[in-house]
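Reader: Hi! I'm new to this one and would love a quick tour. Could you put it up so we can start at the beginning of the chain?

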Amino acid sequence: MLAFANLVLLAGLSTLFPAVQAIQYRGADFSSLINLENQGIRYKVNGTTQPLETILRNHGCNLARIRIWTSNRDSEYSLNHGLALAKRAAAAGMDIYIDLHYSDTWADPGKQGIPSAWPKDLSGLNTQIYTYTRDVVLAFQNQGTPIKYIELGNEINSGMLWPVGRINSNNFGPVSELLHSAAAGARAGSSSVKTMIHLANGWNYDTMNWFFSGVYMPGKLTTSDVDVLAFSLYPFYGTGATLDALRSSLTNLANRFGKEIMLVETNWPASCSGVSLSDKSIPISPAGQLTWFNNAKNIVQNLPNGRGTGIVYWEPGWIGNAGLGSACADNLLVDGSGNVRYPSINMFAN
């Protein structure tokens, strides 16, 4: 009788306090992998050499984020490079997430150059971005590695395809039109692909709200064009990038816009000096990497109405570029010889 009463009590508690499901996607962007292997770099677990995608998947990573530039050179993240990497990631058991930069090189809040071979007027760019996005989606689908998520531009806080699509004096018209064309191209390639808009500094709600309040426009980008709001969070570009600020910002965005939310770029240093990090309570070490990622993962996981669905670590194995664009010495999940770091490699576990 006592056991039965306990079961009833537990059932009641589970109704009052439902369990929070594990976040759906724990991903990594390892776009540089093939270039690194071509330089002779290999990765090891306890002294045994394994492909990086296998190591990541065996530790719980289930989403591969792959950047694609409009370059035709495989060493510069061409479509062919992305297809080859996606084939390996899918074989390892990961879903595919494509990050389109719409540029011959890096695109970020400070640069969004029109590809050299693309038109330079809004009408021509609308046609080009539609066709290009559709054809990318079809290429992955045709090789048997369909895209789960596609990012329509990388960190487009100030627009894309500058100067045509740059946001000037709060004029969102051109970029809204371009994003609508890109989303239409993605949908023409696949009815199931999820479209994403990606902004830097996801912790800064005022900027995020300004962008999404302005970019949806009648006759141009509509809310139905966009499935996922995607954000970056780095602890070394400003002390305002705290986990508390991220929680507040993403919660407000989830409540206001009602979209799926993912944190698609983040990392934490294993080694760093002379840099003011946003969270001084977390150690600079592999253990600190695990803490930072897990804390951010918990924020996304606990967003209202289950809106938070994924988190991605940016370039965990880029030996030779261990700072990953920061002033910190090393943000990788492997050491300089390719040996995985513990406990940080366990961050992808449920």
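Author: Happy to! Keep in mind that this is a predicted model. Let's begin with strand 1, residues 25-29, which is mostly covered: five of its five residues are buried.

Reader: Which residues point which way from strand 1?

Author: Tyr25, Gly27 and Asp29 point one way, while Arg26 and Ala28 point the other way. All of them are buried, whichever way they point.

Reader: And which strands does strand 1 pair with?

Author: Strand 10, residues 308-314, runs parallel to strand 1 and is joined to it by five bridges. Strand 4, residues 63-68, also pairs with strand 1 in the parallel sense, over three bridges.

Reader: You mentioned Ala28. What does Ala28 stand opposite in strand 4, and what is its bridge partner in strand 10?

Author: In strand 4, Ala28 stands opposite Ala64. In strand 10, the bridge partner of Ala28 is Tyr313.

Reader: Zooming out, what do the strands close into?

Author: A barrel! Eight strands make it up, in the order 1-4-5-6-7-8-9-10, with parallel pairing. On average, neighbouring strands of this sheet are turned by 25 degrees against each other, direction ignored.

Reader: Nice. Which strands does helix 4 touch?

Author: Helix 4, residues 79-92, packs on the sheet and touches strand 4 and strand 5. The direction of helix 4 makes about 175 degrees with that of strand 4.

Reader: What about helix 5, which strands does it lie across?

Author: Helix 5, residues 122-142, lies across strand 4, strand 5 and strand 6. Helix 5 runs at about 155 degrees to strand 6.

Reader: Let's switch to the inside. In the largest nonpolar core, which residues touch the most other members?

Author: That core has 101 residues, and Phe30, Tyr102, Phe212, Phe231 and Phe348 touch the most other members. Helix 5 gives the most to this core, with seven residues. Apart from this core lies another, of ten residues, including Leu63 and Val264.

Reader: Phe348 sounds busy. What is it in contact with?

Author: Leaving aside neighbours within four places in sequence, Phe348 is in contact with residues including Arg26, Gly27 and Ala28, which we met in strand 1. Tyr313, the bridge partner of Ala28, is also in contact with Phe348. Other contacts of Phe348 include Leu56, His59, Phe293 and Leu333.

Reader: How many aromatic pairs are there?

Author: The count comes to 23 aromatic pairs. One of them is Phe212 with Phe231, an edge-to-face pair at 6.2 Å centre to centre with 80 degrees between the planes.

Reader: Which parts does that pair tie together?

Author: Phe212 lies in helix 7 and Phe231 in strand 8, so the pair ties together parts that are 19 residues apart in sequence. Both Phe212 and Phe231 are buried. They also belong to a cluster linked by ring pairs, with Phe172, Trp210, Phe211 and Phe257.

Reader: Got another pair for me?

Author: Sure: Phe236 and Tyr237 are edge-to-face too, at 5.0 Å centre to centre and 85 degrees between the planes.

Reader: Is Phe236 buried or exposed? And Tyr237, buried or exposed?

Author: Phe236 is buried, because its relative accessible area is 9%. Tyr237 has a relative accessible area of 51%, so it counts as exposed.

Reader: Last one: which rings do Arg67 and Arg166 lie over?

Author: Arg67 lies over the face of Tyr77, at 4.2 Å from the ring centre. Arg166 lies over the face of Trp162, at 3.7 Å from the ring centre.

How values were computed. Residues are numbered from 1 along each chain as its sequence is written. This is a predicted model: local features need pLDDT of at least 70, side-chain atom pairs count only at pLDDT 80 or more; totals for chains, interfaces and linings use all residues. Side-chain values use heavy atoms; hydrogens and water are left out. Buried means under 20% relative accessible area, exposed over 50%, partly exposed in between (1.4 Å probe, protein chains only). Helices (H or I, at least four residues) and strands (E, at least two) are DSSP runs, numbered from the N terminus. Two strands pair if DSSP finds at least two bridges between them. Rings of Phe, Tyr and Trp (its six-membered ring) pair if their centres lie within 6.5 Å; planes under 30 degrees apart count as stacked, over 60 as edge-to-face and the rest as tilted. A charge sits over a ring if NZ of Lys or CZ of Arg is within 6 Å of the ring centre and within 35 degrees of the ring normal. Axes are lines fitted to C-alpha atoms, for helices over the stretch in contact, and angles run from 0 to 180 degrees between N-to-C directions. Contact means heavy atoms within 4.5 Å. A nonpolar core is a set of buried Ala, Val, Leu, Ile, Met, Phe, Trp, Tyr and Cys residues joined through side-chain atoms within 4.5 Å.
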